[in-house]
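Please work through the exercises below with the structure open beside you, reading each solution only after trying the task.

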Amino acid sequence: MQDISLHLLDIIENSVRAGAKTIRIRVINDEIANLLRFIIEDDGCGMDSDTLQMAQDPFFTSKAEREKKVGLGIPLFKQNAELSNGHFTLTSEPGLGTVIRADFENNNIDRLPLGSLKDTLLGAIVGHQEVNFFVNLISKNKGKEQSFHFDTEVIKEELGDIPLTYPDVIDYIEHSLIEGIQNTNMEDV
Amino acid sequence: MKTLADLKKIREKAQEEMKLRGGNVRIKIVVGMGTSGIAMGAREVMKAFLEEISQRNLTDVLVTQTGEKGLSSMEPVVDVIIEGEEKITYGNMTPEKVKKVVVEHIVNGKMVSEYVVASGN
């Protein structure tokens, strides 16, 4: 993967496949602590402790054998976090859901660029109308904290039976995201 | 600032339109968004579809994302499902190819044979 937003998209797709109804995504850019943190929390089917171990192993996949033999999404994300002197934790409970936390050392030379959060979030939100997304972007910088919240449940309530792929709705979501990303200085991190 | 009042306006406008044309989704586009698809540029393909829908004001098209489908060597892969027709699968997609598929297949109803990698179910 060329940037962290692509990893984020990959993780979101895992959550959707796990049957999540709600996905919470938090991105925290803490300049004081030199930390770029991603927390992705879903209410999907979760994993037991054996599967949890194997999910971090590049030679494991939950997909049927005939379909695909390896699953590289989680191991690659973990590897990229660790390469930047960061941390990666995966916790899960069968029936309750999964939480992934990936920390990157912000100024590390091996840290991947953030990439386009907007493209990742817009595609995921519009491409999975059945899932509610709660997005929270936070930037902390010299005592100044800025945050952006985006909740698709409110939008869907307001829209009733109008799909999210309706052209004006795509524009609405896109511009809301762009605004939030600019306000939290996450355009080009 | 985008507000919920903006959404109300969109909803009213969309409901008017739906009354006029019966209000059903006529075309479904499914973009493969598995790990290998993402690594090969599926996010940019998704983005291109959303841009085209928005710019051309296509109100009867639904775009969704899905996981791997066993066509990893041809990622990014996209299905186009038009009501009453068989499913067409396009492979090795790029944003440029998306534009062509939208104009020729989605708008004018003629599939772009050169990009097709599978058809039917």
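## Exercise 1: the sheet of chain A

Describe how strand 1 and strand 2 of chain A are joined, and place them in their sheet.

Solution. In this predicted model, strand 1 (residues 22–30) and strand 2 (residues 35–42) of chain A run antiparallel and are joined by eight bridges. Within this pairing, Ile25(A) has Ile40(A) of strand 2 of chain A as its bridge partner. The next step is the whole sheet, which is open, has six strands in the order 3-4-2-1-5-6 in chain A, and shows mixed pairing. Its edges are strand 3 (87–93) and strand 6 (144–151) of chain A, each of which pairs on one side only. On average, neighbouring strands of this sheet are turned by 10 degrees against each other, direction ignored. Finally, helix 1 (residues 4–17) of chain A lies across strands 1, 2 and 4 (97–105) of chain A, and runs at about 15 degrees to strand 2 of chain A.

## Exercise 2: a helix pair between the chains

Determine how helix 6 of chain A and helix 3 of chain B are oriented to each other, and which residues make the contact.

Solution. The axes of helix 6 (residues 167–183) of chain A and helix 3 (residues 42–55) of chain B come within 8 Å and cross at roughly 125 degrees. The two helices are therefore oblique to each other, and their crossing is left-handed. Helix 6 of chain A contributes Pro167(A), Ile170(A) and Asp171(A) to the contact, while helix 3 of chain B contributes Leu50(B), Ile53(B) and Ser54(B). Sorted by character, the residues of this contact are four nonpolar, one polar and one charged.

## Exercise 3: confidence

State which scores the predictor gives the complex.

Solution. The complex has an ipTM of 0.90 and a pTM of 0.92, and chain B averages a pLDDT of 92, with 98% of the residues scoring at least 70.

Note on methods: Residues numbered from 1 in each chain as written. Chains lettered and ligands numbered in written order. Predicted model: local features only at pLDDT ≥ 70, side-chain atom pairs only at ≥ 80, totals over all residues. Axes fitted to C-alpha atoms, helices over the stretch in contact; angles between N-to-C directions. Helix = DSSP H or I, 4+ residues; strand = E, 2+ residues; numbered from the N terminus. Parallel < 35°, antiparallel > 145°, perpendicular 65-115°, else oblique. Left-handed = near helix turned anticlockwise from the far one by under 90°. Contact = placed C-beta atoms within 7 Å. Nonpolar A, V, L, I, M, F, W, Y, C, P; charged D, E, K, R; others polar. pLDDT = per-residue confidence, 0-100. Pairing = 2+ DSSP bridges.
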